[in-house]
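Here are some notes to read alongside the model, written for someone meeting it for the first time. Please keep the 3D view open as you go through the points.

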Amino acid sequence: EAIHGNNMPKEIGVFLYEDLCNPNLDIFLSQGNRIAITGIIKDLTKFTNRGESVERSFIVKANNIEPLEEQYKEMRITDEEIREINELSTNPKLKDLLVDSYCPDIYGNEIVKQGILLQLFGGRPIYQEGRKVCSGIIHILLIGDPSEGKTTLSKYLKLLSPKYQYAVGKGSTGRGLTAYAVKDEILATWCLQAGSVVLASGGICVVDEVDKMDKEEQQHLSECMSDQTVTISKAVKGTLKAETSILACANFKGGRFDPFQNVFQQIDFPIWMINRLTLIFVLKDIIDEEFKKIKGEKKEE
């Protein structure tokens with residue numbers, strides 16, 4: 001996130017020892033969390049019998065871990081912020097105020113903005129007999145004609161959501177969105193690499209142009225949209241938490257909305273994905289012939 005320009009981010013392995021492997025630290029070490037690591041750099045460069053360097057690599061032997069993010073329950077609110085929150089809660093036009101404040105660059109679309117704000121706040125999970133039967137996660141699909149502001153509306157969440165990931169369907173794979181297994185060259189073992197949906201757990205993941213993804217790649221989103229988990233059973237087995245709200249953006253099957261067909265006939269998505277969507281917003285670019293006529297007359301004048 002701090003990389004500017006065309007620079008590529010670098011990676012370095014971190015090894016945890018003794019008390020840093022305590023299971024109680026999982027709340028800080030789960031995928032997507034930002035942490036600060038204090039440690040000692042170790043040189044693992046391999047040499048030949050002649051003393052020539054074959055492969056130069058480094059690791060960090062960690063001594064301390066500090067979280068850089070606070071959970072919602074651990075956030076400290078000042079007295080001034082509490083006063084402002086109480087004043088807003090008594091405002092009868094609070095909903096309209098929030099809707100008007102969201103993405104003011106896009107005119108109108110109040111219902112769409114209200115739906116995205118509800119997704120940002122999230123629903124309330126329902127428990128029965130100690131078991132979660134409803135997660136309260138809201139998934140939204142914005143489908144419509146080109147140049148209707150779908151991407152602009154979705155990207156504005158980056159300023160509001162504590163965890164935000166953005167992916168483009170045409171340049172992403174199902175494994176890149178969920179998780180995949182990679183070979184660790186240092187340990188010579190397999191490990192799980194988290195994708196965008198897992199990294200945004202507890203926040204929102206925007207998948208733009210989801211209609212451009214292959215059907216097989218879309219299938220990877222099935223588990224995380226229904227169960228809020230990602231399970232890998234390949235070279236390594238594991239289950240990652242993905243309590244992520246997905247905001248998908250797409251165009252109609254024919255490129256533009258056809259008023260002579262049903263809306264769902266123009267959505268080129270599998271049935272399971274449509275069933276897992278909480279809200280579907282259709283953005284249509286309606287051509288007004290009368291407006292075009294008036295506009296043309298003004299140009300002639």
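1. Let's begin with Tyr156: with a relative accessible area of 22%, this residue is partly exposed. Bear in mind, here and below, that you are looking at a predicted model. Tyr102, by contrast, has a relative accessibility of 1% and counts as buried.

2. Why look at these two tyrosines together? A search of the whole structure turns up 2 aromatic pairs. In one of them, the ring centres of Tyr102 and Tyr156 are 5.0 Å apart and the planes stand at 75°, so the pair is edge-to-face; the angle is over 60 degrees, the cut-off for that label. The pair links distant parts of the chain, with the two positions 54 residues apart in numbering. You will find Tyr102 in the loop between helix H3 (94-101) and helix H4 (110-121), and Tyr156 in the loop between helix H5 (150-155) and strand S9 (164-168).

3. Phe252 and Phe257 also form an aromatic pair, and this one is tilted, with 5.4 Å from centre to centre and 50° between the planes. Phe252 has a relative accessible area of 3%, so this residue is buried.

4. Two lysines deserve a glance for where they sit relative to tyrosine rings. Lys155 has its charged end over the ring of Tyr166, 4.8 Å from the centre. Lys61 lies over the face of Tyr17, and here the distance to the ring centre is 5.2 Å.

5. Which residues have the most contacts inside the largest nonpolar core? They are Leu221, Cys224 and Phe269, in a core of 30 residues. Several elements give two or more residues to this core: the strands are S8 (140-144), S12 (204-208), S13 (229-233) and S15 (245-251), and the helices are H7, H9 (221-226) and H10 (271-276).

6. Phe269 is a good place to zoom in. Leaving aside residues up to four places away in sequence, Phe269 touches Leu141, Val210, Asp211, Lys215, Gln218, Ala250 and Ile274. Apart from the largest core lies another core, of 19 residues, and its members include Val99, Ile106, Cys249 and Leu283.

7. Finally, take a look at Val198, which belongs to helix H7 (residues 196-199). Is Val198 buried or exposed? Its relative accessibility is 1%, so Val198 counts as buried. Val198 and Leu240 are 42 residues apart in sequence, while their C-alpha atoms are 7.0 Å apart in space.

Technical notes. Residues are numbered from 1 along each chain as its sequence is written. This is a predicted model: local features need pLDDT of at least 70, side-chain atom pairs count only at pLDDT 80 or more; totals for chains, interfaces and linings use all residues. Side-chain values use heavy atoms; hydrogens and water are left out. Rings of Phe, Tyr and Trp (its six-membered ring) pair if their centres lie within 6.5 Å; planes under 30 degrees apart count as stacked, over 60 as edge-to-face and the rest as tilted. Helices (H or I, at least four residues) and strands (E, at least two) are DSSP runs, numbered from the N terminus. Buried means under 20% relative accessible area, exposed over 50%, partly exposed in between (1.4 Å probe, protein chains only). A charge sits over a ring if NZ of Lys or CZ of Arg is within 6 Å of the ring centre and within 35 degrees of the ring normal. A nonpolar core is a set of buried Ala, Val, Leu, Ile, Met, Phe, Trp, Tyr and Cys residues joined through side-chain atoms within 4.5 Å. Contact means heavy atoms within 4.5 Å.
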